[in-house]
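Please find below a note for a colleague who is new to this structure. The points move from terms and overall form to individual residues.

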Amino acid sequence: MMVPVGAGVGNFLLTFRGAPRAISRSYTLPFILTGVLGYAAASAQGTLEAFKSANIYWHFTNFTVGHSHLAMYGFIAFLIWGGVYALLPRMTGREPPPVMVGIHFWLALVGLVIYVLSITIAGVLQGFSWVAEESFIQSVTAAEPMWLWRTIGGLLMVGSHVAFAVNLWAMRPGDDLADTEAAEVTA
């Protein structure tokens, strides 16, 4: 299962060979690169979860919740953000504030890492409790310390959404673009 994932991710990463500074000069590339790495991590985690020996510990626990957030947020959301930052400035003629793009990126990335790690650890603790045939409430108690970290990661992710909204507002079409389009229509 990991062969096509490894080939695709390796192919993408090799496109950066010889251009290491391209990432630091782009709004889009850090998001796209993170999305591709999120895809690789989610695929690896899913492959491990598919093994029966691991599945008895992780299935129906918070581990699965962490896996789904890694896939949907770490892969899909980061790719969408990269696409928005690539296309919207070209469509509107307005760039987002670079500092706010950085704030968006780092809040989302750090929040995601904290969220996924904490909820994955909570799932492992729950799974061990269930396999040991402890009561359900004991499995909840075992996972409870990780929920504070899940909340912190989630709040950072919400903060990144606020930064993204500010960036979208900054890239909205302005009057100058409307005037240009009106002039082209009348000409």
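1. Two residues are said to be in contact, or to touch, when they have heavy atoms within 4.5 Å. The model discussed here is predicted, and every value quoted is computed from it.

2. Overall form. The chain contains seven helices and zero strands, and its pattern along the sequence reads α-α-α-α-α-α-α. The radius of gyration is 21 Å, well over the 16 Å that the globule rule gives for 187 residues, so the chain is more spread out than a compact globule. The C-alpha trace spans about 75 × 35 × 30 Å along its principal axes.

3. Burial and contacts across the chain. Of the 187 residues, 36% are buried. Among contacts with a separation of 6 or more, 80% are accounted for by residues 24 or more positions apart.

4. The largest nonpolar core. Which residues touch the most other members of this core? They are F31, Y73, F78, W81 and Y85, within a set of 20 residues. Two or more residues are contributed by each of helix 2, helix 4 (62-92), helix 5 and helix 6 (136-170). Helix 5 gives the most, with eight residues.

5. F31. This residue belongs to helix 2, which covers residues 28-50. Is F31 buried or exposed? Its relative accessibility is 1%, and buried means under 20%, so F31 counts as buried. Once residues up to four places away in sequence are set aside, F31 touches F78, L79, W81, G82, Y85, V101, H104 and F105. By contrast with these contacts, the C-alpha atoms of F31 and S53 lie 34 Å apart, although the two residues are 22 apart in sequence.

6. F78. This second member of the core is found in helix 4. F78 has a relative accessible area of 0% and is therefore buried. Apart from neighbours within four places in sequence, its contacts are F31, I32, T34, G35, Y73, F105, A108, L109 and L112. One of these, F105, is 27 residues from F78 in sequence, with a C-alpha to C-alpha distance of 8.7 Å.

7. Helix 2 against helix 5. How are helix 2 and helix 5 (residues 98-131) arranged? They pack at an angle of about 10°, and their axes are 11 Å apart. Because angles under 35 degrees count as roughly parallel, helix 2 is described as roughly parallel to helix 5. On the helix 2 side the contact is made by P30, F31, T34 and Q45, and on the helix 5 side by V101, H104, F105, L109 and T120. Sorted by class, this contact has five nonpolar, four polar and no charged residues.

8. Q45. Another participant in that contact, Q45, is also placed in helix 2. With a relative accessible area of 10%, Q45 is buried. Leaving out residues up to four places away in sequence, Q45 touches F63, G66, H67, L70 and T120.

9. Two residues for attention in the loops. Which non-glycine residue has a positive phi of about 65°? That residue is F60, which sits in the loop between helix 3 (52-58) and helix 4. F60 counts as exposed because its relative accessibility is 69%, and exposed means over 50%. E133 likewise is a residue other than glycine with a positive phi, in this case near 60°. The place of E133 is in the loop between helix 5 and helix 6. At 72% relative accessibility, E133 counts as exposed.

10. T151. This residue lies in helix 6. T151 has a relative accessibility of 40% and so counts as partly exposed. Where T151 and Y115 are concerned, 36 residues separate them along the chain, while their C-alpha atoms are 7.4 Å apart.

11. In summary, the chain has seven helices and zero strands, and helix 2 and helix 5 pack at an angle of about 10°. F31 takes part in the contact between those two helices, and F31 is also among the residues that touch the most other members of the largest nonpolar core. F60 and E133, on the other hand, count as exposed.

Terms used
Residues are numbered from 1 along each chain as its sequence is written. This is a predicted model: local features need pLDDT of at least 70, side-chain atom pairs count only at pLDDT 80 or more; totals for chains, interfaces and linings use all residues. Side-chain values use heavy atoms; hydrogens and water are left out. Helices (H or I, at least four residues) and strands (E, at least two) are DSSP runs, numbered from the N terminus. Buried means under 20% relative accessible area, exposed over 50%, partly exposed in between (1.4 Å probe, protein chains only). Axes are lines fitted to C-alpha atoms, for helices over the stretch in contact, and angles run from 0 to 180 degrees between N-to-C directions. Angles under 35 degrees count as roughly parallel, over 145 as roughly antiparallel, 65 to 115 as roughly perpendicular and the rest as oblique. Ala, Val, Leu, Ile, Met, Phe, Trp, Tyr, Cys and Pro count as nonpolar, Asp, Glu, Lys and Arg as charged, and the others, Gly among them, as polar. A nonpolar core is a set of buried Ala, Val, Leu, Ile, Met, Phe, Trp, Tyr and Cys residues joined through side-chain atoms within 4.5 Å. The radius of gyration is taken over C-alpha atoms; the globule rule is 2.2 Å times the number of residues to the power 0.38.
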